[in-house]
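User: I am new to structures and want to learn how labels such as "buried" are earned. Please take me through some examples.

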Amino acid sequence: MSVRHDGSRRIDRRVRVQGRPVDSYPALAPEAERGSVRRVTVVGEEILHRPCREVTEFGTRELSALIDDMFLTMHVAEGAGLAANQVGVDVQLFVYDCPDDDGIRHVGHIINPVLELPEPGDRRLVDDLEGCLSVPGAAMAVPRTDHAVVRGFDMDGRILVIEGTGYFARCLQHETDHLIGHTYLDRLSKRDRKDALRQMADRREEVFARRAMKAAGLGR
């Protein structure tokens, strides 16, 4: 998921890592410090359009390395969330480094997530601009609920329950969509989808160049 560029992302010392508050946290997540940059898949590639498989083995070196790489790739691409199929890996996993509307920064990963939304009568839908690292350069208004919960596991197999409101709730819904083979384009009308694809065609090379420059600046 892309970070909003409307000036609404605020810096705040309050941080929650894997759903729990911490006293302090670096600007660049430790996972990203250990990771390598991977290529981000682009809409139209088959892996983005089919459900990902469940993770059945936890605590492996490969899983830890994938999470590290996803954090760095998300950072270089200036994203707020990233799903495993966005780096070409067919597993139910996403990472996030995302603010909510109260300025709290949420950082973490979740495996085999199950999304829970409020009952229809209790939902508050918010139309807001949404982007995607796999739809580079495009942003469209997408209605999402302003509250979401995901239940799943961390990389060691421990149970996780992550709750989000506002922009972070949008992120949780967006990334869970990826793992069932959907992008936000699937939630748009045909007209709006064409508009998003036109935006991507016009801006993708600029986005790719910016990512390459940022990766080079990190020496990765």
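**Reading the labels**

Analyst: Arg 105 and Asp 97 are both buried. They also form a salt bridge, with their closest N and O atoms 2.8 Å apart. This is a predicted model: local features need pLDDT of at least 70, side-chain atom pairs count only at pLDDT 80 or more, and totals for chains, interfaces and linings use all residues. Residues are numbered from 1 along each chain as its sequence is written, and side-chain values use heavy atoms, with hydrogens and water left out.

User: What makes the contact between Arg 105 and Asp 97 a salt bridge?

Analyst: The term asks for a side-chain nitrogen of Lys or Arg within 4 Å of a carboxyl oxygen of Asp or Glu. Here the N and O atoms are 2.8 Å apart, so the pair qualifies. Side chains of opposite charge can pair when their charged atoms come close. The whole structure holds 16 salt bridges.

User: Why is Arg 144 called buried or exposed?

Analyst: Buried means under 20% relative accessible area, exposed over 50%, and partly exposed in between (1.4 Å probe, protein chains only). Arg 144 has 2%, so it counts as buried. Asp 177 has 6%, so it is buried as well.

User: How do you know that Arg 144 and Asp 177 meet in a salt bridge?

Analyst: Their N to O distance is 3.0 Å. The pair links distant parts of the chain: Arg 144 is in strand β7 (residues 139–145), Asp 177 is in helix α3 (residues 166–179), and they are 33 residues apart. Helices (H or I, at least four residues) and strands (E, at least two) are DSSP runs, numbered from the N terminus. Salt bridges with shared partners join Glu 130, Arg 144, Arg 170, Asp 177 and Arg 187 into one network.

User: Why is Glu 116 placed in its accessibility class?

Analyst: Glu 116 has a relative accessible area of 34%, so it is partly exposed. Its salt-bridge partner is Arg 151, with the closest N and O atoms 2.7 Å apart. Arg 151 is partly exposed because its value is 40%.

User: What makes Arg 191 buried or exposed?

Analyst: Its relative accessibility is 70%, so Arg 191 counts as exposed. Arg 191 lies in helix α4 (residues 190–217).

User: What is notable about phi at Asn 112?

Analyst: Phi of Asn 112 is near 50°, a positive value in a residue other than glycine. Asn 112 sits in strand β5 (residues 105–116). With a relative accessible area of 10%, Asn 112 is therefore buried.
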